[in-house]
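I am opening a fresh page for a structure that is new to me. My plan is to look up a few places one at a time and to write down what I find.

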Amino acid sequence: MRSEQGGEGPDGSTFSEALATLKRTGSNVVVVGTADRSAHDAVCRRLLGTDAPRTRLVVRTSPGGSCGWLPPEDAAGDTNLITYGDPGVECNATIVDSDLLGPLGQAVADKIDGLTAEEGLEPAEFRVCLDSLGPLFSEHDPETVFRLVHVVTARVRDVNGMGHFHLRLAPDDDHVKLLEPLFDAVVEVRPSETGAEHRWRLLDQDVDSQWIDL
């Protein structure tokens, strides 16, 4: 099939198989697009698996965030938060108050280890959201942000989890291109007449999905 922008895309079965492989082996994606928060929120809920019991870790780098997702009191599964700087709204939050990203990366790695220490988690049952990278790029040099993302993505893969990182920039922005080698896919979001839609670009296979409703 062919995407709306003319690039060759996989057929449905090939794309589904590729996504299934990412779930089995651990994966990380960067969610991009300058759309408003509702589009990022919609894809975030899907990637966090809010329709099923999961073990989740949400890292907030600013009070508002790009997706604004916070777990409701009756959310299925366990959800923990790490907030950086201003804690904003807390829910089992670990506050990392530092001008350096090293302590944030260590706190996230430690939390991942703690949440996945018990045996029994199936592949992709552990989900991570980092919301978002934009504030970090505005306060730190790109190389420091790259090192933080490298630490977190490596830990997510080690535990066969699924991580996604919000960055409300165009997919061809230099900051997105800098981070692409750390990710398995770039997920672009945009508003649509029915709400929002997203499109996947699988980096290792260099294939795109079509635009898919959220």
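Before the first entry I fix one term: a residue counts as buried when its relative accessible area is under 20%, as exposed when that area is over 50%, and as partly exposed in between. I also keep in mind throughout that this is a predicted model.

**Entry: threonine 116**

I looked up threonine 116 and found it in the loop between α3 (101–115) and β5 (126–131). Is threonine 116 buried or exposed? Its relative accessible area is 17%, and because the limit for buried is under 20%, threonine 116 is buried. I then followed its side chain, which reaches the backbone oxygen of isoleucine 112 at 2.7 Å. Leaving aside residues up to four places away in sequence, I noted that threonine 116 touches Leu121, Phe126 and Val159.

**Entry: the two cysteines**

How many disulfides does the structure hold? I found 0, and I wanted to know why cysteine 44 has no such bond. The closest cysteine sulfur to that of cysteine 44 belongs to cysteine 67 and lies 3.6 Å away, which is too far for a bond, because a disulfide needs the two sulfur atoms within 2.5 Å. Looking from the other side, I recorded that cysteine 67 is likewise in no disulfide, with the sulfur of cysteine 44 as its nearest at 3.6 Å. As for accessibility, cysteine 44 is buried at a relative accessible area of 0%, and cysteine 67 is buried at 3%.

**Entry: proline 63**

I went next to proline 63, whose place is in the loop between β2 (54–60) and β3 (77–84). Proline 63 has a relative accessibility of 43% and so counts as partly exposed. I also checked proline 63 against aspartate 86, and although the two are 23 residues apart along the chain, their C-alpha atoms are separated by 6.6 Å.

**Entry: the largest pocket**

How much space lies in the largest pocket? I wrote down about 260 Å³. The pocket is lined by 17 residues, of which Lys23, Arg46, Leu47, Met162 and Trp200 are the closest to its centre. Sorting the lining by residue type, I noted 9 nonpolar, 3 polar and 5 charged residues. Which element gives the most to this lining? The answer is α1, with 4 residues, while α1 (12–25), β1 (27–32), α2 (37–48) and β8 (195–202) each supply at least two.

Technical notes: Residues are numbered from 1 along each chain as its sequence is written. This is a predicted model: local features need pLDDT of at least 70, side-chain atom pairs count only at pLDDT 80 or more; totals for chains, interfaces and linings use all residues. Side-chain values use heavy atoms; hydrogens and water are left out. Buried means under 20% relative accessible area, exposed over 50%, partly exposed in between (1.4 Å probe, protein chains only). A polar contact is a pair of N or O atoms within 3.5 Å; within protein, one must be able to donate a hydrogen and the other to accept it, and residues adjacent in sequence count only if both atoms are side-chain atoms. Contact means heavy atoms within 4.5 Å. On a 1 Å grid over the protein atoms alone, a cavity is a set of points where a 1.4 Å probe fits but cannot get out, and a pocket is an open set with protein on both sides within 12 Å along at least five of seven lines; lining residues have an atom within 4 Å of a point. Grid points are joined across faces, edges and corners, and a volume is the space filled by probe spheres set on the points. Ala, Val, Leu, Ile, Met, Phe, Trp, Tyr, Cys and Pro count as nonpolar, Asp, Glu, Lys and Arg as charged, and the others, Gly among them, as polar.
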